[in-house]
Amino acid sequence: QVQLVESGGGLVQAGGSLRVSCVASGYIHSRACMGWFRQAPGNEREAVARIWTSSGATDYADSVKGRFTISRDNAKNTVYLQMASLKPEDSAMYYCAADQFSACLGSTIVASRFGNWGQGTQVTVSS
């Protein structure tokens, strides 16, 4: 059983930056895939980014490419999402997810491939 706890959300002005973190506990596969997703009220959950913890390989949704950076600190079992040039449309609940490396395969970041989810951290970007 993997537990994921997100933190770091908050209110930021458009154009600003924010970093959210996800600490994983419990059994963490050495070749885990970890991802960030977001969901705004009335919208479906949207993929943001993923990282393969063993290699550091990353993928991003087109909507955040060039603005967001996912990274990991394996010693701390922590994954970060550094967000820059934030826009009001980035406002959402941000969720951390984890699963085996297979979740990092394929060209698309798919929520259904992740079996472990955190409770989320709210990010609000004011205009």
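Here are three short exercises, with worked solutions, on the aromatic rings of this predicted model.

**Exercise 1.** Work out how the rings of Phe-37 and Phe-114 are arranged, and which parts of the chain they tie together.

*Solution.* Let's start with the total: the model holds four aromatic pairs. For Phe-37 and Phe-114, the ring centres are 5.4 Å apart and the planes meet at 75 degrees. Planes over 60 degrees apart count as edge-to-face, so this pair is edge-to-face. Next, find the two residues along the chain. Phe-37 belongs to strand β4 (residues 33–39), while Phe-114 sits in the loop between β9 (92–99) and β10 (116–117). The pair therefore ties together parts that are 77 residues apart in sequence.

**Exercise 2.** Extend the picture to Trp-117, and decide whether Phe-114 and Trp-117 are buried or partly exposed.

*Solution.* First, look at the geometry. The ring centres of Phe-114 and Trp-117 lie 6.5 Å apart with planes at 70 degrees, so this pair too is edge-to-face. Phe-37, Phe-114 and Trp-117 form one aromatic cluster. Now turn to accessibility. Buried means under 20% relative accessible area. Phe-114 has 4%, so this residue counts as buried. Phe-37 is buried as well. Trp-117 has 25% and therefore counts as partly exposed.

**Exercise 3.** Which rings does Arg-45 lie over?

*Solution.* Take one ring at a time. The charged end of Arg-45 sits over the ring of Tyr-95, at 4.1 Å from its centre. Arg-45 also lies over the face of Trp-117, 4.6 Å from the ring centre. That brings us back to the cluster, since Trp-117 is one of its members, with Phe-37 and Phe-114.

Definitions and conventions
Residues numbered from 1 in each chain as written. Predicted model: local features only at pLDDT ≥ 70, side-chain atom pairs only at ≥ 80, totals over all residues. Heavy atoms only, no water. Phe/Tyr/Trp six-rings, centres within 6.5 Å; stacked < 30°, edge-to-face > 60°. Helix = DSSP H or I, 4+ residues; strand = E, 2+ residues; numbered from the N terminus. Buried < 20%, exposed > 50% of the residue type's maximum accessible area, 1.4 Å probe, protein only. Lys NZ or Arg CZ within 6 Å of the ring centre and 35° of its normal.
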